[in-house]
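Hi there,

Here is the structure I promised to pass on to you. Have a look at it first, and then read my notes below.

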Amino acid sequence: MLADAVPYTGHTIDGRRLTVQVRGRAVVGVTATVAHYPCDTFGDVGPLRVRETGRAAIGRDGSFRLTAGEPAQRVTLTGRLRRTGTVAGTLRVQGTIATGQRCASATLRYTARR
């Protein structure tokens with residue numbers, strides 16, 4: 001957990017835990033588990049646990065887009081922070097495994113609350 005960041009915890013549409021870290025008017029991190037992470041020819045190597053930090057400004061309408069991580073495991077988190085203390089959006093992981101095969105999760109919807 002990031003010091004002084006507010007955690008929003010919830011689940012992806014497939015029931016996997018997700019935490020979005022918010023500091024001020026920015027999303028600064030995400031921790032999640034992706035159940036299925038299929039690769040081109042190798043097949044599914046999931047579940048995959050990701051924990052990435054970065055900085056994505058939260059717009060006036062509450063929307064944000066965080067892209068973080070190395071090219072071998074890049075996380076894209078989009079969402080909208082609501083005044084009700086909830087955040088909802090999508091999560092996707094893309095990258096490669098040691099053999100160089102390209103892998104990508106489905107785009108997963110999530111909801112979380114403070």
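Let's start with a pair of side chains: Asp-61 and Arg-80 meet in a salt bridge, with 3.0 Å from N to O. Asp-61 sits in the loop between E6 and E7 while Arg-80 belongs to strand E8, so this pair ties together parts that are 19 residues apart in sequence. Please keep in mind that the model is a predicted one. The structure holds 1 salt bridge, so you have already met it. In general, side chains of opposite charge can pair when their charged atoms come close.

Are these two partners buried or exposed, or something in between? Asp-61 has a relative accessibility of 44%, so it counts as partly exposed. Arg-80, at 38%, is also partly exposed.

Now to the inside. The largest nonpolar core has 27 residues. Leu-18, Val-20, Val-27, Phe-64 and Leu-77 are the ones with the most contacts inside this core. At least two core residues come from each of these strands: E2 (17–23), E3, E6, E7 (63–68), E8 (73–81), E9 (86–96) and E11 (108–113). Which strand gives the largest share? That is E3, with 4 residues. As a general rule, nonpolar side chains in soluble globular proteins tend to be buried together.

Leu-77 is a good residue to click on. Leaving aside residues up to four places away in sequence, Leu-77 touches Leu-18, Val-20, Val-27, Val-30, Phe-64, Arg-65, Leu-66, Thr-90, Leu-91 and Tyr-110.

Next, try Val-50, which lies in strand E6 (residues 48–57). Its relative accessibility is 1%, so Val-50 counts as buried. Beyond residues up to four places away in sequence, Val-50 touches Val-30, Thr-31, Ala-32, Gln-73, Val-75 and Val-93. If you would like a distance to check yourself, take Val-50 and Pro-7: they are 43 residues apart in sequence, and their C-alpha atoms are 16 Å apart in space.

One of the contacts of Val-50 is Thr-31, a residue of strand E3 (residues 26–34). Why does Thr-31 count as buried? Its relative accessibility is 17%, and buried means under 20%. With the same four-place rule for sequence neighbours, Thr-31 touches Arg-17, Leu-18, Thr-19, Arg-49, Val-50 and Arg-51.

Enjoy exploring, and write back with any questions!

Best wishes

Definitions and conventions. Residues numbered from 1 in each chain as written. Predicted model: local features only at pLDDT ≥ 70, side-chain atom pairs only at ≥ 80, totals over all residues. Heavy atoms only, no water. Buried < 20%, exposed > 50% of the residue type's maximum accessible area, 1.4 Å probe, protein only. Contact = heavy atoms within 4.5 Å. Core = buried A, V, L, I, M, F, W, Y, C linked by side-chain atoms within 4.5 Å. Salt bridge = Lys/Arg side-chain N within 4 Å of Asp/Glu carboxyl O.
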